[in-house]
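Reader: I'm new to reading protein models. Could you walk me through this one with a few questions and answers?

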Amino acid sequence: RALMMKINYDKKMWEIIDKEKKLKRLLLHSCCAPCSSACLEKLTPYFDITILYYNPNIEPYEEYLKRKEEEIRFIKEYPHQNKIDITDCDYDHEKFIKIAKGLEEEPERGKRCLKCYNLRMEYTAIKAKELGYDYFATTLTLSPLKDSQVLNNIGYAISKKIDIPYLPSDFKKNNGYQRSIELSKEYNLYRQNFCGCIYSKEKSISKDN
């Protein structure tokens, strides 16, 4: 069977940015402040950005709030030439529990994770269309544990379904993940050791023991 060619989504992102002659509005889904840090550094010169903190997978609720508060703090403290703000969402945890049903034992990056990516990215696309943004995107491609090919395929499928342009990305490219670690240290950001859901937390605990 022929191997699928990997697409350079970082290159695709810069091609789109280079074509834009005027400032555009971007709704950027973010999972946490550390991941958003390096993404915002790359994007803020070219977009007015609103962070959409929609993460119904994160539990317990205290963890969800802690990550959200760090996101808000980072946006306030980070110097930016164009607008960066944040729009709040309901916790919506029941939606995640519903899509994860029957997939609790799936490994990281398995079917449960795919459904979770889709849930968060589709919500972002719907909001972007409702609120008149030019693009939607996600910070999830920054993580070395997440497959940017898979995430971008989901993004494009949602873009077609909702009829709103998607900004592809592979934020881990060009030392993006390393840069997020540096910015996290600089701003003293809280960095969690698991993706967010209870299933990933249990897996990270069992790995440590």
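Reader: Which residues have the most contacts inside the largest nonpolar core?

Author: Keep in mind that this is a predicted model. The largest nonpolar core holds 51 residues. Inside this core, the ones with the most contacts are Leu 26, Leu 28, Leu 43, Phe 47 and Leu 167.

Reader: Which helix gives the most to this core?

Author: Look along residues 111–130, which form a helix. Seven residues of the core come from there, and no other helix is needed for the answer: the one that gives the most is α5.

Reader: What is Leu 26 in contact with, leaving aside its neighbours within four places in sequence?

Author: Let's go along the chain. Among the partners of Leu 26 are Asp 48, Ile 49 and Thr 50. Further on, Leu 26 also meets Tyr 133, Tyr 135, Phe 136 and Ala 137. That leaves three to name, which are Leu 43, Phe 47 and Leu 167.

Reader: Is Lys 24 buried or exposed?

Author: Lys 24 is found in strand β1, residues 24–29. Not counting residues up to four places away in sequence, Lys 24 touches Tyr 46, Phe 47, Asp 48, Asp 134 and Tyr 135. The cut-off for buried is under 20% relative accessible area. Lys 24 has 17%, so Lys 24 is buried.

Reader: In what sense do strands β2 and β3 pair?

Author: β2 covers residues 47–52 and β3 covers residues 84–87. Leu 52 stands opposite Thr 87 in β3. Over four bridges, the sense of the pairing is parallel.

Reader: What hand does the β-α-β unit of β2, helix α3 and β3 have?

Author: Helix α3 spans residues 61–77. Together with β2 and β3, α3 makes a β-α-β unit that is right-handed.

Reader: How many disulfides does the count come to?

Author: A disulfide needs two cysteine sulfur atoms within 2.5 Å. The closest cysteine sulfur to that of Cys 35 is in Cys 32, 3.6 Å away, so that is too far for a bond. For Cys 89, the nearest cysteine sulfur is that of Cys 31, at 13 Å. The count of disulfides comes to zero.

Reader: Is Cys 89 buried or exposed?

Author: Buried means under 20% relative accessible area. Cys 89 has 10% relative accessibility, so it counts as buried.

Reader: Where is the pLDDT below 50?

Author: The mean pLDDT of the protein chain is 91, and 93% of its residues reach 70 or more. One stretch is below 50, and beyond near neighbours in sequence this stretch has three contacts in the model. You'll find that stretch at residues 204–209.

Conventions:
Residues are numbered from 1 along each chain as its sequence is written. This is a predicted model: local features need pLDDT of at least 70, side-chain atom pairs count only at pLDDT 80 or more; totals for chains, interfaces and linings use all residues. Side-chain values use heavy atoms; hydrogens and water are left out. Buried means under 20% relative accessible area, exposed over 50%, partly exposed in between (1.4 Å probe, protein chains only). A nonpolar core is a set of buried Ala, Val, Leu, Ile, Met, Phe, Trp, Tyr and Cys residues joined through side-chain atoms within 4.5 Å. Helices (H or I, at least four residues) and strands (E, at least two) are DSSP runs, numbered from the N terminus. Contact means heavy atoms within 4.5 Å. Two strands pair if DSSP finds at least two bridges between them. A crossover is right-handed if, with the strands pointing away from the viewer, the path from the first strand over the helix to the second runs clockwise. pLDDT is the predictor's confidence in each residue, from 0 to 100.
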